[in-house]
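These are my notes from a first look through one structure, kept in the order in which I looked things up.

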Amino acid sequence: MARVYNFSAGPSMLPEEVLKKAAAEMLDYEGSGQSVMEMSHRSKWFDAIIKGAESLMREVMNIPDNYKVLFLQGGASTQFSAIPMNFMTGSGKADYVITGQFSNKAYKEAVKYGDVIEAASSKDGNFSYIPKLDKSSFREDADYVYICHNNTIYGTKYPELPDTGDIPLVADISSSFLSEPMDVSKFGVIYGGAQKNVAPAGLTIVIIREDLLGKAMPLTPTMLDYKAMADGESMYNTPPCYSIYMCKLVLEWIKSLGGLEAMKERNVKKAKILYDYIDQSKMFTAPAQKECRSLMNVTFVTESDELNKKFVAEAEKAGFVNLKGHRSVGGMRASIYNAMPIEGVEKLVEFMKEFEKANS
Ligand SMILES: *Cc1c(COP(=O)(O)O)cnc(C)c1O
C-alpha cells in the first residue's frame, strides 16, 4: 500500500492511526454487530459516541460551561445564512471583515437579512494580509462582528483577535479548528466545517455562548435555528453519525499526543520548515505577509504560471498531491493540517529544492 502525502485544503488527510481504528471497528463496533454507519442514532452505542465527542471537544478546546457545542450539517456555507438569521436581531446590524472569499460569501449572505457593512477589507492587497482593527473599526451597536480566522485560500491568519468590546465576535474557524489552543471565551460564536482538520465532510461544528441563543428571526428555518438544534442536543433530526464518530476518534488522537498545545508545537514546526525554505529560495515566494501567515495553508508561487504547473505535475508524480492553489488565485498551496506528519513537509521541501535546482 502506498499512501501519498495529501496537501488538499479539504477534505484533507486524517491521522493514519484514526483511519486504522475506524477500519478495525468497521464491521462490528464494540460488540454491537454493526458498523457505526448502520446503527440507529438513538442507539446506546451512538449516544455514547456523540456524548463522548462533545465531552472530548470541551476538554481538548477548554470550552467554558456557558457554551453549547452543536454537531450539525450543511457545511460552513450554511452557517453563512444561519448566523445573521440567529444573531442579527437586536439592532439588525452586523459588521464584517473581508479577508478572502469565504468571509465575502458570508457577507453577501448576511446582506440579505439586515444592515450589514464591510468594516474592513484586505481586498486591495489581494487578501495577502489581515487589516488592522480596533474598537473604532466597528459600529458600537452592531449585533456582532464577523471574521474568518484562517483564510484557507490565501494562506493568512489573524495574528491576534480584534478587540470588539462587548460586541460578540463570530468567527469561521473551518481551517484553524483544533490546530492550536484558542480562548473560546473571547468569542460569541465559533464554527467550522469539519472536513479540513476535524473529521470527514458532512459535519459542521458550532460553538455558541448560551446567552446568544433564542433570538432568531421568526422566519428562520428550524434546521437553521441554533436554539432548536441546542434543545435537541444535536439530534433534532438524524445527525451526520459517522463523521461525529470520526471526530471523536480524531479528538482522542489529539488528546493522546498532548492536546492543542502539542498540536500547536507540531504545526509551528511544520510551517516553519516550509516558510524558512521558501524565504531563502530564489524560485518560490510566499504572497501572504509574514505577520499574517497561516500555520495550516501555506501559499506559494514561482514567477510563471508554466513553472507553477510543471511543479504541481511533477510533485504529484512524486507522491505529493493536491498542491495546486485555489482556482481563484493560482500558484501552489500546501495545506498542512494536524494529520500531515512532519516528514511529509520535510520531504516536500526536499522535493522543492531538487525542483529549484533542476529548473533554474
Ligand atoms: C472550506 C471553508 C468553507 C466552506 O466550507 P463548506 O463546509 O464547504 O461549506 C468556509 N470557510 C472556510 C474558512 C473554509 O476553509
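I began with the crossing of H1 and H6, which is right-handed; I note here that the model I am reading is a predicted one. Looking up the geometry of this pair, I found that the axes of H1 and H6, the latter spanning residues 241–256, come within 9 Å and cross at roughly 130°. H1 is therefore oblique to H6, because an angle that is not under 35 degrees, not over 145 and not from 65 to 115 counts as oblique.

Next I listed the residues that bring these two helices together. On the H1 side I wrote down Glu17, Val18, Leu19, Lys21 and Ala22, and these meet Tyr242, Tyr245, Met246, Leu249, Val250, Glu252 and Trp253 in H6. Sorted by class, the contact of H1 with H6 holds nine nonpolar residues and three charged ones, with no polar residue.

I then turned to another helix pair, H8 (residues 305–317) and H9 (residues 342–358), which pack at an angle of about 130° with their axes 11 Å apart. H8 and H9 are therefore oblique to each other, and I recorded that H8 passes H9 in a right-handed crossing. From H8, the residues Leu307, Lys310, Phe311, Glu314 and Ala315 meet Leu348, Phe351, Met352 and Phe355 in H9. I counted the classes here too, and the contact of H8 with H9 has seven nonpolar and two charged residues but no polar one.

After the helices I went to the loop between H1 (16–24) and H2 (44–61), where I found histidine 41. Is histidine 41 buried or exposed? Its relative accessibility is 17%, so I entered histidine 41 as buried, since buried means under 20% relative accessible area. Setting aside neighbours within four places in sequence, I found histidine 41 in contact with Phe46, Met235, Asn237, Thr238, Pro239 and Cys241. I also noted a polar contact of 3.4 Å, which joins the side chain of histidine 41 to that of arginine 42.

My last entry concerns glycine 31, which also lies in the loop between H1 and H2. Glycine 31 has a relative accessible area of 62% and is therefore exposed, as exposed means over 50%. How far apart in space are glycine 31 and serine 185, C-alpha to C-alpha? I read off 40 Å for glycine 31 and serine 185, which are 154 residues apart in sequence.

Conventions: Residues are numbered from 1 along each chain as its sequence is written. This is a predicted model: local features need pLDDT of at least 70, side-chain atom pairs count only at pLDDT 80 or more; totals for chains, interfaces and linings use all residues. Side-chain values use heavy atoms; hydrogens and water are left out. Axes are lines fitted to C-alpha atoms, for helices over the stretch in contact, and angles run from 0 to 180 degrees between N-to-C directions. Helices (H or I, at least four residues) and strands (E, at least two) are DSSP runs, numbered from the N terminus. A crossing is left-handed if the near helix is turned anticlockwise from the far one by less than a right angle, and right-handed if clockwise. Contact means heavy atoms within 4.5 Å. Ala, Val, Leu, Ile, Met, Phe, Trp, Tyr, Cys and Pro count as nonpolar, Asp, Glu, Lys and Arg as charged, and the others, Gly among them, as polar. Buried means under 20% relative accessible area, exposed over 50%, partly exposed in between (1.4 Å probe, protein chains only). A polar contact is a pair of N or O atoms within 3.5 Å; within protein, one must be able to donate a hydrogen and the other to accept it, and residues adjacent in sequence count only if both atoms are side-chain atoms.
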